[in-house]
Structure formats: C-alpha cells, structure tokens
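Here are my notes on the model, written as numbered points. Have the structure open while you read.

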Amino acid sequence: MPRPLWTGAISFGLVTIPVKIVSATEDRDVHFHRVHLTDMGRVRTRKVCELDDQVVSQDEIGKGYEIAKDRTVPVTDEELEQMPLPTAKAIEIAAFVDADTIDPIRISDSYYLAADGQVAAKPYTLLRKALERSSKVAVAKFAWHGRERLGLLRIREGAIVLHSMKWPDEVRNPDDVAVPRDVEVGEEEIEQALQLSEQMTIEDLSGFHDEYREALENIIAAKSEGKPLPSPAGEEKQGKGEVVDLMAALNASVKAAKESRGEDGEDATVHEMRPSKKTSRKTTAKKTATSKSTAAKKTTASKKTTASKKTAEKKAASKRRSAS
C-alpha cells in the first residue's frame, strides 16, 4: 500500500469514519537532473537570503506574507495547524449532488480513501453503499497543505475516491478566451462530423499509452549503449493559415477511420458540397452568355449560307443565258 499522505476522518452527519488519504495516481514521467555539461556534475539549487547573500538551511526557512512593500508578516506551521477550522482533521461532507452536475474543469487531483483500522470498516462500507445506491456524489470540505479545499467523494471499484476540486471563483470565464462565435457551419458538415465521431467511438481507454515517454526511453537507452539515435518519424504537417476544404477533410477522416477499424471506406462520402448562391448566379450568367453567343454565331452562319446560295443561283442562270 502506498504511503498515506494525510490521516483524519470523514464526517458524515454524526458518523465518523477514520481514513487515510493515498494518492490514486502515480508519476510515470521521465525526470532529468540538471548537470554541468563540461563534466556532467549535478547542478543544485542553493537557497540564498537576498539581504545578506548567505546560504540558508532548511530549518531556517519559514513562511511569510507580504502585506506591504518591505513589510512581511511571518506565519508559522503551528499557527496554521491551530486555526479554528472544523475541517482541520476531517473531510466534512456538506451536501450530495447528481454526478452530472459537476463540471469536469473543476476536478483536480485524485486520491483513494483507505479505512483506518477495523473501527472504520462498517461506517466506511455504509457510506460506500449509500453512494452506490443513490447514484450521487458527495461534496466535502477539508483542510490540507495550508488551505481549505473543496472535495468530491465518489465510488470506484468498491473504494471511496476523493477528488480535490477548484472553488467556483477559481474557474475562469470562457468569455475571456478568443472563442469563435459568429461562424456558420452547414448541416452537411455537422452530420459528417457526427459520423466521424461515431467511427472513432471506443469503450475502453486502456489501449492508450505515452508514446513520448517510450521514444524518450529509447533515446536514453541508445545513448547509454553508444548506439545511433532512433530516426525521427516523418510527419506531414498542415501549414498555418492554409485554407482547408472542411467537408473534404471530414470525408477523408471518416474514410480513414473506417479503414482503421477494418471496414470498407469506399462509401465514406455521404454529402456533397453545394455551391454557394453567388457561385450559382455566376454559373447561370455564364451559361446565358454562352447560349446567346452560340445563337448569334448560328444566325450569322445561316445568313452567310443563304447569301452564298443566291450568288451561286445567279451565276448558274447567267451561264444558261450565255449558252442559249
């Protein structure tokens, strides 16, 4: 079992459940040391006081809050631990809500709550079954790492999970982001995007893996063994600002998705791009002009033919008169 990060209790009305917080995730990233490139010696961070330029040991370092320029108030760990908070050593359940009412953007880190001792077994199981049967999640408050936090309790494979959450005022308004608003998208394009999403729908995410980490590990292994570095994979990138035929891109994506699933991608194209009204009017005008030009040419040719026939008839009559 991983090392507990916090020990306290869940407060569920008058029910108390002793628990330990254990991280529900683990860091699998590749971490580097900072080194001096000339001799590969480790480069360390020195904690130096900016007033006397002296290196400070860890037991000489504390917390301080700057309330004005050149005026900082010290705050000790003991003072923080003795703050009159009911959540100082408890995860206090404040409410129950439907799971789909929680915006995922507010969910932060995740932890498992382990029952702390035999005395916690029955109340822990009681809360777990109540959450499972109600199909709801519990909203709780708890103090940790020098601040009070908002939490979410839910069930995952028989274990109670605590999700740390952002407070409502910590989530930025999307209106502050440059999001396209007044853009028209055709129904054909929407339908094709839906078809693409259907082709890309899966039920299990266990097949996903960190390809960047694998490539990095291969580079490290090659360098440690003195072997050539793996060749970079060629990748075609679409240029920035390039005009894209959206429907053509969607059709090609649907076809590729079908082929990747072992399906026939020949019938991927469902809708055709319809010409705009401006294009239609231009095309009609061109057709009308062409028709008029053709008709004029035909009329001119007809007149020339008639004149030629009359000239030939006059010559023939003149020859007959001469012969007689």
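1. One definition first: helices (H or I, at least four residues) and strands (E, at least two) are DSSP runs, numbered from the N terminus. This is a predicted model, so treat everything below as computed from that prediction.

2. Overall make-up. The protein chain comes to 6 helices and 11 strands. It has 324 residues, and 18% of them count as buried. If you take the contacts with a separation of 6 or more, 59% of them join residues 24 or more positions apart.

3. The barrel. Have a look at the sheet: 7 strands close into a barrel, and the order is 1-2-8-11-10-9-7 with mixed pairing. On average, neighbouring strands of this sheet are turned by 40° against each other, direction ignored. Helix 2, residues 121-134, packs on the sheet and touches strand 1 (6-12), strand 2 (15-23), strand 7 (90-98), strand 8 (107-115), strand 9, strand 10 and strand 11 (159-165). The direction of helix 2 makes about 85° with that of strand 2.

4. Strand 1 and its two partners. Strand 1 pairs with strand 2 in the antiparallel sense over 7 bridges, while its pairing with strand 7 is parallel and runs over 3 bridges. A9 is a handy residue to click on here: its bridge partner in strand 2 is P18, and its bridge partner in strand 7 is A90. Also on the strand 7 side, S11 stands opposite E92.

5. The first hairpin. Strand 1 and strand 2 form a hairpin with 2 residues between them. G13 sits in the turn and has a positive phi of about 65°.

6. Round the other side of strand 7. Strand 7 and strand 9 pair in the antiparallel sense over 6 bridges, with I93 bridged to A140 in strand 9. Strand 9 (residues 136-144) in turn pairs with strand 10 (residues 147-156), again in the antiparallel sense, over 7 bridges. For a marker on that pairing, F142 stands opposite R149 in strand 10.

7. D116. What does D116 touch, leaving aside its neighbours within four places in sequence? The contacts are T7, P18, V19 and K20. D116 itself lies in the loop between strand 8 and helix 2. The distance to K20 is worth displaying: the two are 96 residues apart in sequence, yet 6.0 Å apart in space, C-alpha to C-alpha. Is D116 buried, exposed or partly exposed? Its relative accessible area is 25%, and because buried means under 20% and exposed over 50%, D116 counts as partly exposed.

8. Positive phi outside glycine. Two residues to check on a Ramachandran plot are D53 and E157. D53 has a positive phi of about 60° although it is not a glycine. You'll find D53 in the loop between strand 4 (41-42) and strand 5 (63-68), where it is exposed with a relative accessible area of 62%. For E157, phi is near 50°, again positive in a residue other than glycine. E157 lies in the loop between strand 10 and strand 11, and at a relative accessible area of 74% E157 is exposed too, the cut-off being over 50%.

9. Q199. Where is Q199 placed? It belongs to helix 3, which covers residues 187-199. With a relative accessible area of 14%, Q199 is buried, since that value falls under 20%. Q199 and A257 are 58 residues apart in sequence and 6.0 Å apart in space, C-alpha to C-alpha.

10. A pocket. The second largest pocket holds about 310 Å³ of space. Which residues line the second largest pocket? They are C49, E50, L51, G62, K63, G64 and T72. By type, the lining divides into 2 nonpolar, 3 polar and 2 charged residues.

Note on methods
Residues are numbered from 1 along each chain as its sequence is written. This is a predicted model: local features need pLDDT of at least 70, side-chain atom pairs count only at pLDDT 80 or more; totals for chains, interfaces and linings use all residues. Side-chain values use heavy atoms; hydrogens and water are left out. On a 1 Å grid over the protein atoms alone, a cavity is a set of points where a 1.4 Å probe fits but cannot get out, and a pocket is an open set with protein on both sides within 12 Å along at least five of seven lines; lining residues have an atom within 4 Å of a point. Grid points are joined across faces, edges and corners, and a volume is the space filled by probe spheres set on the points. Ala, Val, Leu, Ile, Met, Phe, Trp, Tyr, Cys and Pro count as nonpolar, Asp, Glu, Lys and Arg as charged, and the others, Gly among them, as polar. Two strands pair if DSSP finds at least two bridges between them. Axes are lines fitted to C-alpha atoms, for helices over the stretch in contact, and angles run from 0 to 180 degrees between N-to-C directions. Contact means heavy atoms within 4.5 Å. Buried means under 20% relative accessible area, exposed over 50%, partly exposed in between (1.4 Å probe, protein chains only).
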